[in-house]
Amino acid sequence: MAALEEEFTLSSVVLSAGPEGLLGVEQSDKTDQFLVTDSGRTVILYKVSDQKPLGSWSVKQGQIITCPAVCNFQTGEYVVVHDNKVLRIWNNEDVNLDKVFKATLSAEVYRILSVQGTEPLVLFKEGAVRGLEALLADPQQKIETVISDEEVIKWTKFFVVFRHPVLIFITEKHGNYFAYVQMFNSRILTKYTLLLGQDENSVIKSFTASVDRKFISLMSLSSDGCIYETLIPIRPADPEKNQSLVKSLLLKAVVSGNARNGVALTALDQDHVAVLGSPLAASKECLSVWNIKFQTLQTSKELPQGTSGQLWYYGEHLFMLHGKSLTVIPYKCEVSSLAGALGKLKHSQDPGTHVVSHFVNWETPQGCGLGFQNSEQSRRIKDSEKHIEVEVRKFLALKQTPDFHTVIGDTVTGLLERCKAEPSFYPRNCLMQLIQTHVLSYSLCPDLMEIALKKKDVQLLQLCLQQFPDIPESVTCACLKIFLSIGDDSLQETDVNMESVFDYSINSVHDEKMEEQTEILQNGFNPEEDKCNNCDQELNKKPQDETKESTSCPVVQKRAALLNAILHSAYSETFLLPHLKDIPAQHITLFLKYLYFLYLKCSENATMTLPGIHPPTLNQIMDWICLLLDANFTVVVMMPEAKRLLINLYKLVKSQISVYSELNKIEVSFRELQKLNQEKNNRGLYSIEVLELF
Amino acid sequence: MGEFKVHRVRFFNYVPSGIRCVAYNNQSNRLAVSRTDGTVEIYNLSANYFQEKFFPGHESRATEALCWAEGQRLFSAGLNGEIMEYDLQALNIKYAMDAFGGPIWSMAASPSGSQLLVGCEDGSVKLFQITPDKIQFERNFDRQKSRILSLSWHPSGTHIAAGSIDYISVFDVKSGSAVHKMIVDRQYMGVSKRKCIVWGVAFLSDGTIISVDSAGKVQFWDSATGTLVKSHLIANADVQSIAVADQEDSFVVGTAEGTVFHFQLVPVTSNSSEKQWVRTKPFQHHTHDVRTVAHSPTALISGGTDTHLVFRPLMEKVEVKNYDAALRKITFPHRCLISCSKKRQLLLFQFAHHLELWRLGSTVATGKFLVSGKNGDTLPLSKNADHLLHLKTKGPENIICSCISPCGSWIAYSTVSRFFLYRLNYEHDNISLKRVSKMPAFLRSALQILFSEDSTKLFVASNQGALHIVQLSGGSFKHLHAFQPQSGTVEAMCLLAVSPDGNWLAASGTSAGVHVYNVKQLKLHCTVPAYNFPVTAMAIAPNTNNLVIAHSDQQVFEYSIPDKQYTDWSRTVQKQGFHHLWLQRDTPITHISFHPKRPMHILLHDAYMFCIIDKSLPLPNDKTLLYNPFPPTNESDVIRRRTAHAFKISKIYKPLLFMDLLDERTLVAVERPLDDIIAQLPPPIKKKKFGT
């Protein structure tokens, strides 16, 4: 169980921390000793256990330290950069920084990075990287530019993976973020674009990263207060290519998005992160530790004097600027266990820390009817779902395995078997991700849709309808039933893909135009000669009514998106018809109204298409109108509320017939014209031409 | 490379006859095709689908049925009530035998191949025994009310199914009596049609009978109980043909709408043993009625009124994805129907029942204009082409072959029973025609006719295997010599080539090698080493007397007649191999000629390209571009010289039926656009485009 121990302040001396806080806190070669660089001119070496400084060095007046001091673990010396280009190296015995070794470099340094077991690296602002030794051999060597203009390095971290130094740095340019992974031994630099996902406007506030065997797990704290995770393969599949990385949500709303002060994030170990920031906009800042595996808040600590939004973590100590002084909070994490995570292991709670109550623990079941046993079980299931999801995501990030298809198939079958065995187990995100791999089909996992139907998971059903080529008609029809019957309020909560729906309400300005258009369409034939003059007149009596009816979409946008997925799906008429008969009459009328509405929208423009990215086609609309009427005509004709709709549809069909008969007539005339044209174009039966062969 | 004035001729009003029947022979991988004019063609599917043999048609002999029996014997039956057997060696009809049942509508050979069954107009089904050299009537089955349109044997040979009008009968072969009579529903889309014609039946070994009928249905019947098992309505028009694969796991049907449907026997669910027939693939390669279909182990074959023969390979049966996996459409015959008189610029067109003689026009733009004229320019005509002569044959037989002499004063043609030779006289614009009478008896029927370059000799390949040389002088002729075929062979010669100096005559049969005769000494000079694939065209080059031979696998050989060996160039080509695109062409080379002033050039063409091979240039390898439709621009001379290769190809003229060199700078190309053929066919079933 992770716990924060009592904090202590390192020095009573007020550091000359600027508005941005400290430059950095770095480890030195002795455990317990840390180099603190303030944003002015001073570097202080602290011994944490004694809570007192061991040494302090300053640069001359007029000079300014631009890069936090680090310790070269191989020599025990300290390295710092001031005025962007001047490198200083000294050790404990030196007193005056002016007299120590100095090297002036040819380019500006972003940061010096040093970890145990390898020589320090110098990262320049232009993205180039050099080993310190190599740089000192020729300080004036030319430094190349790696990143583009206006691209700014935001964050960097240095790892040693299997004795190979790996450097990652994040750059930003016009709101886009890029990750560069430099394998220092092989000198391979891979560039990735970080895709921000749906919320394009979010700004990433803080980064942290931990390293696994194959991945760098890059966590980022966005301005929306959520923590996202991005998996970056250490050994890239194709270093030449610019690759994109998708982030996935790890923790929701851990800090308030619009906090005044900075927020910070740091990974403590594989399962824990520490977040600095205010949980609610108004509240004071606090430091909280989250378990990302189980998505639980482990502990938190209020920091009433405010922080600089910076957080460092070394060994077992968290460093931050609390008020004006540097505060150290020792952090301890026992091996986390399920029981511990759930709070069943007794542990002595520190009197100094108290759990802040205003965190909403989203794990707690909302419905109170569940007993304790149930909630525990559901929690356990949720945890394993989360775990599976992470594993699946890791697998999908690699992707290049040759048996990718079979593995995906096996995974889905396995998951579904468990779903069937344990009704409360439903790894939804995981299934969604698997469906989006484009390798699944209905016949591969028929249970998937069955379960989704049982759960009324419309989003998953929509995804299936879009991705699977071979859904049987009975299942399509079952989906349709759910899509029509699900309540508007429960629809609001779902997150369906709205690609196929165009915001029809925007078009309301053109309503009048559309009316004219339909008139023109009807003028394609002779209404006077029609037997249905009566109903025409009847309709003409209430033109306003009709306008209202035809221009406003009869279903909400989300339902429209779901219905469009049905319209796009493939079917065979014979197999679909019997199932359509099972749908309740009012749902049929609703669907018919929607189809009729779509038809009217279609006829607004000359190409007879709907606006939007992937709208249903006119043929699909017409086919479904016919199908629905074929299946349910006797029922619908008896319903008084469907009468107007039927009359409208009757008119529609009539106008279609006349248009087609006109088209057939035109086709014949066109064919004759074409024949004439051909004869004209024909170069005659005989000609003498020049041929040149090359 | 070369600039030519091309007479582009599109007035050859040739329309192939529609296809009536196809019969596939599994043993030899050959396909027999009969057309509505009675012509029967044999395609060798192993030899790149080459049409290697043909039997000329006959006006009164409309073939309605075609089948292979006893291994590789081919029989046909037709509306004249006769059953015929074809001699595939001598290329003539062995015998015709009246079945005495009125017009014959259907025929089927027994699974063992020893018996033949015909269905007649009078409702009788007649069984014939196939003897080694003839067929013998055995007995009649129970007479039915109306004509028997389709027949199928049960694979065990014990029962047969016969499709008639409105019903299907099942006969017991031993007793000859009808066991079941299954009435076919006349209803068509809810409307009662007058009659329902069962166009085709197929009897499967499990007792299922599949029928196709004029109401657009494919129906499955149980022959044991005589009940309908399943019905598929697949067309708004007649379903006219059916063919089942030997394994009985798939069959194909053709409809009057031009659609071919593939049905397959597939398991109901995966890994279940229960199987059902499912309509799997529709193909629309025809515009008109698909009158007939066949099912080879790897392909669906269909033919019909639109005259195309279509091979649609089944992708699941094709092991290697080579060019055999591609769709093939054969429309034009693989032989030359056109001959040309270079001296008088005349073209002789051969039709089924008449010949047409045309004189090419001319242009004032000579010399200067030609030099300034760019590629593709049309030159102004000073004189249009003239139709000089329309020569109708006497009698019902189709013309087999025809030829006009290079001087333009002789025309010869032949039908199955008669050989005709005409002398033409030109007086200013008038032309007079005189038939040379008193043909000798041995000149009764010719498979190929050729005049020597100086028009003094006529070479005739008779269907007895003999080659005759006839001396022509003034208005008379004299028989000089006959090369008799080697003893024991009766194989007919179908291709002839004579050297421009008149000394050498090359003749090729359908399978044996090419023989070269010395015309001066009247003896066999040599035989070109045999090759696996049939010869599609050959010609002898002037001066060098090199014989150039094109085979159906697209190989071209050059054989030196004086040296009796292949030339160095030919050996080089064989060593390096042809360009892969050259080998993948799917129509054979039908004509080869030479340039009188450029001995290194060989001119040849197939239906889709015309090519000049320049032997002096390096051969293309598979990496070089074989055909570049665009003229080289802005390229330095060095690059042009480096990329130049021996094959100069033009694909401007297509479908190209004939191309020859008239003089050094003039070519004649005869095209037959497909649109013009379609325009002369009866209109197809009209399908609504809108509001279906």
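Of the 692 residues of chain B, 58% count as buried. The model is a predicted one, and every value below is computed from it. The secondary structure of chain B comprises five helices and 60 strands. Among contacts in chain B between residues at least 6 apart in sequence, those joining residues at least 24 apart make up 49%.

**Two strand residues of chain B**

B:S414 belongs to strand β40 of chain B, which covers residues 410–414. With a relative accessible area of 0%, B:S414 is buried, since buried means under 20%. Not counting residues up to four places away in sequence, B:S414 touches B:N398, B:I399, B:I400, B:C401, B:F419, B:R444, B:S445, B:A446 and B:I449.

B:L228 sits in strand β23 of chain B, residues 227–233. The relative accessibility of B:L228 is 43%, so this residue counts as partly exposed. Leaving aside neighbours within four places in sequence, B:L228 is in contact with B:Q219, B:F220 and B:W221. From B:L228 to B:I210 the C-alpha to C-alpha separation is 9.8 Å, and the two are 18 residues apart in sequence.

**Helix α7 of chain A**

Helix α7 of chain A spans residues 458–467; eight of its 10 residues are buried, so the helix is largely enclosed by the rest of the structure. The buried residues of α7(A) are A:V458, A:Q459, A:L460, A:L461, A:Q462, A:L463, A:C464 and A:L465. The cover over these buried residues includes α5 (428–435), α6 (446–455), α8, α9 (488–493) and α13 of chain A. Two helices in that list, α8 and α13, also pack against each other, with their axes 10 Å apart.

**Packing of helix α8 of chain A**

Two packed helices are described by the angle between their axes and the distance between the axes. The table gives both quantities for two pairs that involve α8(A).

| Helix pair | Angle between axes | Axis distance |
|---|---|---|
| α8(A) (473–485) and α13(A) (557–568) | about 165 degrees | 10 Å apart |
| α8(A) and α15(A) (585–602) | roughly 85 degrees | within 10 Å |

For the pair in the top row, helices α8 and α13 of chain A pack at about 165 degrees. Angles over 145 degrees count as roughly antiparallel, so α8(A) is roughly antiparallel to α13(A). The crossing of these two helices is left-handed. On the α8(A) side the contact is made by A:T476, A:C479, A:L480, A:F483, A:L484 and A:S485, and on the α13(A) side by A:R559, A:L562, A:L563 and A:I566. By class, this contact of α8(A) with α13(A) holds seven nonpolar, two polar and one charged residues.

For the other pair, the axes of α8(A) and α15(A) cross at roughly 85 degrees. The range from 65 to 115 degrees counts as roughly perpendicular, so α8(A) is roughly perpendicular to α15(A). Here A:L480, A:L484 and A:S485 of α8(A) meet A:H587, A:L590 and A:F591 of α15(A). The residues of this contact of α8(A) with α15(A) divide into four nonpolar, two polar and no charged. A:L480, A:L484 and A:S485 thus serve in the contact with α13(A) as well as in the contact with α15(A).

**Cysteines**

The disulfide count comes to zero over all chains, with a pair of cysteine sulfur atoms within 2.5 Å as the criterion. A:C286 has a relative accessible area of 2% and is buried, whereas A:C626, at 42%, is partly exposed.

Conventions. Residues numbered from 1 in each chain as written. Chains lettered and ligands numbered in written order. Predicted model: local features only at pLDDT ≥ 70, side-chain atom pairs only at ≥ 80, totals over all residues. Heavy atoms only, no water. Axes fitted to C-alpha atoms, helices over the stretch in contact; angles between N-to-C directions. Helix = DSSP H or I, 4+ residues; strand = E, 2+ residues; numbered from the N terminus. Parallel < 35°, antiparallel > 145°, perpendicular 65-115°, else oblique. Left-handed = near helix turned anticlockwise from the far one by under 90°. Contact = heavy atoms within 4.5 Å. Nonpolar A, V, L, I, M, F, W, Y, C, P; charged D, E, K, R; others polar. Buried < 20%, exposed > 50% of the residue type's maximum accessible area, 1.4 Å probe, protein only.
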